[in-house]
Amino acid sequence: MLGGNDGIVSVASLVMGVAAASSSRETVLIAGVAGLIAGALSMAAGEYISVSSQADLEKADTERERLALEAAPQEEFEELVAIYVARGLAHGTACQVARELMERDPLEAHLRDELGLSKAQAARPVQAAVASALAFCTGASLPVLGIVFAPFDLILATVLALSLAALAALGALGAWSGGAPLGPAIARVVLWGAFAMGLTGAVGWLFGVSLA
């Protein structure tokens, strides 16, 4: 949802600024498509770099834990027992659980319960980059569609209406999925989105330039 919001606001703001300063549908469309492509690539690159750094940290933690298990298995066992005792298990039960888990896969047990790492939650840079780019493109496609299908003299109004409606829907979806009140969540995204688009449109109208 964050990527979708970003795609809507950034590309719609760019379109508003260019449309306010331009008399050509082609110019506005080029700006919108360029903003979509540039934004998606930027989101993908940023996400890939960020998640790659996280993956590097996870690999380093895994290697340190593997070496610790080889060098001092008893100390690592006692460390695991202490973790389970701290979570509320009796000492005898904690010892049994730790022993059985370490017999099966000691590295996995320590990564999960000591460091909070698991295979299901492991950092995946490529997957994160693709998901981020797709989310941005999905949001950014709405103002671009407004440029394509709306009459030229109604592009500003169409892009604004489409973008605000989509932002309201995403705000409601985010609030619903998190169990938060709908009103404040919708108001936040709609008001800030309208502010960004209005400000950029005003810049295009006043100075004849676009500002994303």
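Is Ile49 buried or exposed? In this predicted model, Ile49 is exposed, with a relative accessible area of 55%, and the residue is found in helix α2. Because the exposed class begins over 50% relative accessible area, the value of 55% places Ile49 in that class.

Ile49 also belongs to a nonpolar surface patch of about 490 Å², which is made by Tyr48, Ile49, Val126, Val130 and Leu134. The elements that give two or more residues to this patch are α2 and α6, the latter covering residues 125-149, and the largest share, 3 residues, comes from α6.

From the nonpolar patch the reader can turn to the charged side chains, for which a search of the whole structure finds 7 salt bridges. Helix α2, which spans residues 25-71, holds both Asp61 and Arg64, and these lie 3 residues apart, about one turn of the helix. Asp61 forms a salt bridge with Arg64, with the closest N and O atoms 2.2 Å apart; since the cut-off for such a pair is 4 Å, the distance of 2.2 Å falls within it. The two partners fall into separate accessibility classes, for Asp61 is partly exposed at a relative accessible area of 24%, whereas Arg64 counts as exposed at 52% relative accessibility.

A further pair in helix α2 is that of Arg66 and Glu63, which are likewise 3 residues apart and separated by about one helical turn. Arg66 forms a salt bridge with Glu63, and here the closest N and O atoms are 2.4 Å apart. As for accessibility, Arg66 counts as partly exposed at 31%, and Glu63 also counts as partly exposed, at 35%.

Beyond helix α2, which residues are linked in a network of salt bridges? The network links Arg87, Arg104, Glu108, Arg112 and Asp113. One of the pairs among these residues is Glu108 with Arg104, which form a salt bridge whose closest N and O atoms are 3.6 Å apart, a distance that counts because the limit is 4 Å. Glu108 is partly exposed, with a relative accessible area of 27%, while its partner Arg104 is exposed, with a relative accessible area of 56%.

Taken in turn, then, helix α2 contributes to the nonpolar patch and also carries the salt-bridge partners Asp61 and Arg64, while Glu108 and Arg104 belong to the network that also includes Arg87, Arg112 and Asp113.

How values were computed: Residues numbered from 1 in each chain as written. Predicted model: local features only at pLDDT ≥ 70, side-chain atom pairs only at ≥ 80, totals over all residues. Heavy atoms only, no water. Helix = DSSP H or I, 4+ residues; strand = E, 2+ residues; numbered from the N terminus. Buried < 20%, exposed > 50% of the residue type's maximum accessible area, 1.4 Å probe, protein only. Patch = residues over 30% accessible without salt bridge, like charges linked within 9 Å, V, L, I, M, F, W, Y side chains within 5 Å. Areas by Shrake-Rupley, 256 points an atom, 1.4 Å probe, with all protein chains shown as cover.
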